[in-house]
Amino acid sequence: MKKFTSVLLDLMAADASAVMLDADLSRSSGSGPVKDRWPDRFLNTGIAEQNTMGVAAGLALAGLRPLVHTFAAFATMRACEQVRTAIAYQKLNVTICASKAGLAAASSGPTHHALEDLAIMRSIPGMTVVAPSDFQELAYLLPDLVRHEGPVYLRVPPEDAPVLPSAGPSLGQADREEASAPVALVTTGILGERAHRTGELLESMGIATRVLHVPFVKPLDRRPILSRIARARLVVTIEEHSVIGGLGSAVAELIAEEGGPPLWRVGVDDVFCYASGTHNELISDFVLTPEELATRIRNRISTW
């Protein structure tokens, strides 16, 4: 049984108002068992993502709590107008569960990559944007997200995303640890494990480092970020997203408003990723490995 299947079945059993819409991807997402158990609470809308969002809006207006699943590229680009106008404009309670975010559709090429999704969703008024590190965190957050008033965009992590040790943040909050260090690594989504490995490498080089996982890209939990970077010499954001418009931009906006140390945004540069390979290979090629990242951070620190 897929991990997302288990999460969905638990949620549907606990919340009678939840309904599931899948854009002909129930085999990929694992939502099929929802149809088997609650056929009147499941709808396969076919490969028609724009229509899917419109149907979800109608169900929300009827008082239900729709969860919509499709690939991130289609949810945020093909159906962007419907998400913005049919759902967000009316402040409807729709949770968009987007899989294959970032470079996860590794072998499908740039048409299926979603390196702009956080930027697009951040720009829509009233949209909550969430990128859990793993399925443990997703399962912890999803019941609150479905009950949240207003639209939610949720990156569904890959099945094999490594689990980070965390009790799970409250809605809208980052994983809190107040200590500061010369280097602050701020990350979101599934790169938390790589960020922790980077931190361990920096510590082995004698550079004290703190890692902050931020599942909520919008609204950004400002206090723990400001606390973590207060005495830092360098802040590094690490994300599986374009360096434009995602977590790095959100933290840059925060530093511009509140003040802070220099910021280095690590992600995919302003390019299409025309390579093919495994998910991890593409992340290493286009976002950097922990070893490369630690070396570059050490070199930056050493010049000051």
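Which residues line the second largest cavity? I put this to the model, which is a predicted one, and noted Leu191, Arg194, Thr198, Ile238, Val266, Val287, Leu288, Thr289, Pro290 and Leu293.

**Entry 1: cavities**

I recorded about 60 Å³ of space in the second largest cavity. Helix H9 (192-204) and helix H13 (290-302) each contribute at least two residues to the lining of this cavity. By class, I listed seven nonpolar, two polar and one charged residue in that lining.

I then looked up the total and found three cavities of 30 Å³ or more. The largest cavity has a volume of about 90 Å³. I found its wall to be made up of Ala101, Ala104, Ala131, Pro132, Arg155, Val156, Pro157, Pro158, Gly189, Ile190, Glu240 and His279. This lining divides into eight nonpolar, two polar and two charged residues.

**Entry 2: the largest pocket**

I turned next to the open spaces. The largest pocket has a volume of about 480 Å³. I counted 24 residues in its lining, and those nearest its centre are Pro157, Pro158, Glu159, Asp160 and His279. Helix H2 (26-29), H9 and helix H12 (279-287) are the elements that give two or more residues to the lining of the largest pocket. H12 gives the most, with three residues. I classed the lining of the largest pocket as eleven nonpolar, seven polar and six charged residues.

I noted that Pro157, Pro158 and His279 are in the lining of the largest cavity and are also among the residues nearest the centre of the largest pocket.

**Entry 3: nonpolar cores**

I looked up how the buried nonpolar residues are grouped. The largest nonpolar core has 31 residues, and Met53, Val94, Met127 and Tyr153 have the most contacts inside it. Two or more residues of this core come from each of strand S1 (18-22), helix H4 (49-61), strand S3 (65-71), helix H5 (72-78), helix H6 (80-88), strand S4 (95-99) and helix H7 (117-122). I also recorded a second, separate core of 27 residues, which includes Val183, Leu202, Ala294 and Ile297.

Within the largest core I followed Val94. Beyond four places in sequence, Val94 touches Ala56, Ala60, Pro66, Val68, Ile87, Gly150, Pro151 and Val152.

**Entry 4: Ala98 and Ala114**

I located Ala98 in strand S4. Ala98 counts as buried because its relative accessibility is 0%, under the 20% limit. Leaving out residues up to four places away in sequence, I listed the contacts of Ala98 as Thr70, Ala72, Tyr153, Leu154, Arg155 and Val156. I also took one long-range distance: the C-alpha atoms of Ala98 and Leu212 are 23 Å apart, with the two positions 114 residues apart along the chain.

I placed Ala114 in the loop between S4 and H7. Ala114 is buried, with 0% relative accessibility. Not counting neighbours within four places in sequence, Ala114 is in contact with Ala72, Ala73, Lys100, Ala101, Gly102 and Arg155. I noted that Ala72 and Arg155 are among the contacts of Ala98 and also among those of Ala114. From Ala114 to Ile255, 141 residues away in sequence, I recorded 26 Å, C-alpha to C-alpha.

**Entry 5: cysteines**

How many disulfides does the structure hold? I found zero. Cys80 is in no disulfide, and the nearest cysteine sulfur, that of Cys97, is 18 Å away. The pair is not joined because a disulfide requires sulfur atoms within 2.5 Å. I noted Cys80 as partly exposed, at 23% relative accessibility. Cys97 is likewise in no disulfide, and I noted Cys97 as buried, at 0% relative accessibility.

**Entry 6: backbone details**

I looked for unusual backbone geometry. The peptide bond from Lys218 to Pro219 is cis, with omega near -5°. Pro219 belongs to the loop between strand S9 (216-218) and helix H10 (222-229).

Two lysines drew my attention for their phi values. Lys91 is not a glycine, yet has a positive phi of about 55°. I placed Lys91 in the loop between H6 and S4, where Lys91 is exposed, with a relative accessible area of 67%. Lys100, also a residue other than glycine, has a positive phi near 55°. I found Lys100 in the loop between S4 and H7 and recorded Lys100 as partly exposed, at 32% relative accessibility.

Methods:
Residues numbered from 1 in each chain as written. Predicted model: local features only at pLDDT ≥ 70, side-chain atom pairs only at ≥ 80, totals over all residues. Heavy atoms only, no water. 1 Å grid on protein atoms, 1.4 Å probe; cavity = no way out; pocket = protein on both sides within 12 Å on 5 of 7 lines; lining within 4 Å. Points joined across faces, edges and corners; volume = space filled by probe spheres on them. Nonpolar A, V, L, I, M, F, W, Y, C, P; charged D, E, K, R; others polar. Helix = DSSP H or I, 4+ residues; strand = E, 2+ residues; numbered from the N terminus. Core = buried A, V, L, I, M, F, W, Y, C linked by side-chain atoms within 4.5 Å. Buried < 20%, exposed > 50% of the residue type's maximum accessible area, 1.4 Å probe, protein only. Contact = heavy atoms within 4.5 Å.
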